[in-house]
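Work through the exercises below with the sequence and the model side by side. Each task is followed by a solution that goes step by step.

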Amino acid sequence: MRLIPAIDIIGGKCVRLKKGDYEQKTIYSDNPLEIAMKWEALGGEYLHLVDLDGAKADKPQNLPVVESICKHTRLKVDMGGGIKTERDLRAVLDAGVTQVNIGSLAVKNQPLVADWIRRFGGEKIILSADVKDGYVAIHGWQTLSEWLLTDFIADYQKVGITTVVCTDISRDGMLSGPSFELYQQLMATFAGLRLIASGGIATIDDLIRLRDMNMDGAIIGKALYEGKITWEELIDLKP
């Protein structure tokens, strides 16, 4: 299972939100690059970046931070937030990102995203499924769409998506444990899906349980920054 620390960026700083609420943010570091370099030094391989300013503005806003991390580390970085045009997509890939997370746009413009998957490859694009009450949320989690999560994933599997990161908004930043039942249901429903858990992870036991479920990866945020899981404990889980 991939262990993927999260760096959520607002104004170039590392922050965490509660339930996706921009008014409930905590700043954990003024220097995301330092965090990335610390993780790499411990032996980490993967990193998850979210441009929260970009998600709100519908255009990436923190590419210099992203490019700096990709330039100064060898981490395999996936990134999302505000990618709405092919120009945005290419700019993010040119910054050194390994995989691009597409969420709101995948809800609003399926033909465009399906075309990107066909041309850039299912390995380059991760479907970002942010869910609340069974429905996919968009615009930095501020709006619920009319798209059921299961329909969303099924339609994109048909056009070549292989990896989905699923975030339960109600648990994100709450340290209340991940949505094990939701992930079990998705794994049972979608054969061959590479599913990445996000939201609510609070303990090493949470990660062990996700690993034993054969999840492809787990994104860890607030638990790291508040010391519920140490960086050293996290790397000790690495295969």
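**Exercise 1. Classify Asp88 and its salt-bridge partner by burial, and locate both in the chain.**

Step 1. At 6% relative accessibility, Asp88 counts as buried, where buried means under 20% relative accessible area, exposed means over 50%, and partly exposed lies in between, with a 1.4 Å probe and protein chains only. The model is predicted, so local features need pLDDT of at least 70 and side-chain atom pairs count only at pLDDT 80 or more, whereas totals for chains, interfaces and linings use all residues. Residues are numbered from 1 along each chain as its sequence is written, and side-chain values use heavy atoms, with hydrogens and water left out.

Step 2. Asp88 forms a salt bridge with Lys59, with 3.1 Å between the closest N and O atoms; a salt bridge here is a side-chain nitrogen of Lys or Arg within 4 Å of a carboxyl oxygen of Asp or Glu. The pair links distant parts of the chain, 29 residues apart, since Asp88 is in helix 4 (residues 86-94) and Lys59 is in the loop between helix 2 (52-57) and helix 3 (63-72). Helices (H or I, at least four residues) and strands (E, at least two) are DSSP runs, numbered from the N terminus.

Step 3. Lys59 has a relative accessibility of 43% and therefore counts as partly exposed.

**Exercise 2. Trace the salt bridges of Arg119 and state which network they belong to.**

Step 1. Arg119 and Glu86 meet through their side chains in a salt bridge of 2.5 Å, N to O. Because Arg119 lies in helix 6 (residues 110-120) and Glu86 in helix 4, this pair ties together parts that are 33 residues apart in sequence.

Step 2. Arg119 also forms a salt bridge with Asp115, with the closest N and O atoms 2.9 Å apart. Both residues lie in helix 6, four residues apart, which is about one turn of the helix.

Step 3. Salt bridges that share partners join Glu86, Arg90, Asp115 and Arg119 into one network.

Step 4. As for burial, Arg119 is partly exposed at 43%, Glu86 is partly exposed at 26%, and Asp115 is partly exposed at 25%. By the rule given above, the count for the structure comes to 10 salt bridges.

**Exercise 3. Describe the surroundings of strand 10 and of Asn101.**

Step 1. Six of the six residues of strand 10 (residues 163-168) are buried, so the strand is largely enclosed by the rest of the structure. Both of its faces are covered, with Thr163, Val165 and Thr167 buried on one side and Val164, Cys166 and Asp168 buried on the other.

Step 2. Strand 10 pairs with strand 7 (residues 125-132) in the parallel sense over five bridges, and two strands pair if DSSP finds at least two bridges between them. Val131 stands opposite Asp168 in strand 10.

Step 3. Strand 10 is also joined by five bridges to strand 11 (residues 194-198), and these two run parallel. The bridge partner of Val165 in strand 11 is Ile196.

Step 4. Asn101, placed in strand 6 (residues 99-102), counts as buried at 6% relative accessibility. Leaving aside neighbours within four places in sequence, the residues in contact with Asn101 (heavy atoms within 4.5 Å) include Val165, Asp78 and Ser128.

**Exercise 4. Characterise two of the aromatic pairs by their geometry and burial.**

Step 1. The structure holds six aromatic pairs; rings of Phe, Tyr and Trp (its six-membered ring) pair if their centres lie within 6.5 Å, and planes under 30 degrees apart count as stacked, over 60 as edge-to-face and the rest as tilted.

Step 2. Trp39 and Trp231 form a tilted pair, 5.8 Å centre to centre with 55° between the planes. Since Trp39 lies in helix 1 (residues 32-42) and Trp231 in helix 11 (residues 231-236), the pair ties together parts that are 192 residues apart in sequence. Both Trp39 and Trp231 are buried.

Step 3. Trp147 and Phe152 form an edge-to-face pair, 5.0 Å centre to centre with 75° between the planes. Trp147 counts as buried at 15% relative accessibility, and Phe152 is buried at 0%.

Step 4. Tyr28, Trp39, Tyr225 and Trp231 form one aromatic cluster.
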